[in-house]
Amino acid sequence: MTGSITVLGAGSVGVGTALHLQQRGWNVTLVDKAKPASETSFGNAGVINASSFLPLNNHTLWKSLPRYLRNNQPQIRYSWARVLAEFPWLFYFLRYANSRATQETSAALNQLCSEALNEHRAFMQRAGNMHRLTQNGWLKVLRQSKGFDPNGLEGRLFEQFGVGVQPLTAEEVYELEPSLNRIFSGGYLLTDSASVNNPFALINEYVNQFSIDGGTVVETDVRSVSFDGSQFTLHGDNLLHTENLVVAAGPWSADVLKPLGYRAMLGVERGYHQHFHPQDGAQLNRTVYDLDAGYIMAPMEAGIRITSGVELARRDAPTNTAQLEQVIPRAYEAFPLSGPTKDPIWRGARPTFPDSRPVIDKAPAHENLWLAFGHQHIGLMSGPITGKLLAQVISGEKTDIDLNPFKASRWIRHSGR
Ligand SMILES: Cc1cc2nc3c(=O)[nH]c(=O)nc-3n(C[C@H](O)[C@H](O)[C@H](O)COP(=O)(O)OP(=O)(O)OC[C@H]3O[C@@H](n4cnc5c(N)ncnc54)[C@H](O)[C@@H]3O)c2cc1C
């Protein structure tokens, strides 16, 4: 099946979907209120990693919870306004922190993560931007924690899913990253990992190729979506009519679906970044996760990008840079930084369902409406593979994997049903 279709949302997930639909012969219109990848897909750490399947709310979260409840940790902080306003989301988020759900979600996400790099590479080859990719692993470094434990939760899952991991002594860490300051006791390298040096440019280059191949890009803020029984109307600067619609609006997806009668239990995990200049001669060869200090350092075109942990605040609550301020001195301890660049501090909101799995599915109450959102920590990497799977569903093809773990009915209800 082919025809005309509109994809609402030009982040990693919407763009991945638009490209795969186009490859199948669909006449695709991609709609966003701003330039593609201007929101969550803009400011991430750029990691494409086969091993990012372990959800934040895995069952070991309970062990760390007393520490997190003090609300002064770099890894997770929360606001009471969010806890009170979105208590059901939080309740289910914690309820899924059990060993069975951890196993199920890890297995489900592994199916996305393990294909993420192949799918990006295929897009990069087509768009001619392979130079953005560095394939030299993701380095996790330790200050005081003991080294990689093959019998721990992560270690067992890595073994189960065949993830390449190389435990490292301090000396081996410094061989890989000679510019790091000598404060680390060891670490481990996720050998199958890659990273990109500018997620915004990467996705915009994919969109350029989409336009060259005949796709249409429309920039308009869609204030509402209606359905008259045969077609959808997107109410933006002008009215856009479409028989087939994909909603891939990241953390705004629940708002977009509301006028169509849907309630989605979509929450967010906010995060921040700031760019820094390295000191003369200092170089970061790959993305480094300073595990004990709770931040990631990613070498980007714009400088060294320091990203902070998870802030469980309401999506549109005012910026709170406390976590970033907490980790920046730790980053200075770890690497010779000379100071921040002129870029402003960036804030984004990872779209997250309580079971930490996205929805990749047809909508429950409309024949020609499809959904792709809720990719929490892995949306940059899994945008293209999500797009492939959803394009297969939409085109009536057999999907590469079983999409039951990503069903909409888990968290999305229609008032007419
Ligand atoms: C600090 C941080 C670090 C991260 N690191 C990584 C990482 O290393 N690797 C990784 O894979 N993931 C990472 N992530 C997660 C990743 O960034 C997200 O999962 C991903 O960007 C989500 O993509 P998306 O397309 O669903 O949403 P978005 O990128 O937010 O795209 C949604 C789009 O919809 C548009 N939109 C919404 N509503 C409307 C409307 N009404 N009208 C018109 N347009 C609309 C928005 O403008 C936006 O462009 C990180 C996230 C954060 C915050």
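The following paragraphs lead through a predicted model, from its nonpolar core to the ligand and then to two individual residues.

In soluble globular proteins, nonpolar side chains tend to be buried together. The largest nonpolar core of this model comprises 58 residues. Within this core, L21, L112 and V246 have the most contacts. Helix α5, spanning residues 99-127, provides the largest share of the core, namely eight residues. L21 illustrates how positions distant in sequence are brought together: setting aside residues up to four places away in sequence, L21 touches I5, V7, W26, V28, V246, A391 and I394. One of these partners, V246, is itself among the residues with the most contacts inside the core.

The ligand is the next point of interest. Around the ligand stand 32 residues, of which D32, T40, S41, Q376 and M381 come nearest. By character, the shell divides into 14 nonpolar, 13 polar and five charged residues. Three elements, α1 (12-23), β22 (346-352) and α11 (379-394), each supply at least two residues of the shell. Helix α11 gives the most, with three residues.

Several polar contacts to the ligand can be located in the model. A polar side-chain atom of T40 lies 2.5 Å from an oxygen atom of the ligand. The backbone also takes part: a polar backbone atom of K33 is 3.1 Å from a nitrogen atom of the ligand, and a polar backbone atom of V222 is 2.8 Å from a ligand nitrogen atom. On its own, the ligand has 1000 Å² of accessible area, and the protein covers 97% of this area.

Two residues, S12 and G229, show opposite degrees of exposure. S12 is found in helix α1, one of the elements that supply residues to the ligand shell. S12 counts as buried because its relative accessible area is 5%, below the 20% limit for that class. Beyond its neighbours within four places in sequence, S12 is in contact with S41, I203, G379, L380, G383 and P384. Among these partners, L380 places its backbone oxygen 3.1 Å from a polar atom of the S12 side chain. Another partner of S12, S41, is one of the residues that come nearest to the ligand.

G229, by contrast, is found in the loop between β11 (224-227) and β12 (232-235). G229 counts as exposed because its relative accessible area is 56%, above the 50% limit for that class. The C-alpha atom of G229 is separated by 40 Å from that of L56, a residue 173 positions away along the chain.

Methods
Residues numbered from 1 in each chain as written. Predicted model: local features only at pLDDT ≥ 70, side-chain atom pairs only at ≥ 80, totals over all residues. Heavy atoms only, no water. Core = buried A, V, L, I, M, F, W, Y, C linked by side-chain atoms within 4.5 Å. Buried < 20%, exposed > 50% of the residue type's maximum accessible area, 1.4 Å probe, protein only. Helix = DSSP H or I, 4+ residues; strand = E, 2+ residues; numbered from the N terminus. Contact = heavy atoms within 4.5 Å. Near = heavy atom within 4 Å. Polar contact = N/O pair within 3.5 Å; in protein donor to acceptor, adjacent residues only side chain to side chain. Areas by Shrake-Rupley, 256 points an atom, 1.4 Å probe, with all protein chains shown as cover. Nonpolar A, V, L, I, M, F, W, Y, C, P; charged D, E, K, R; others polar.
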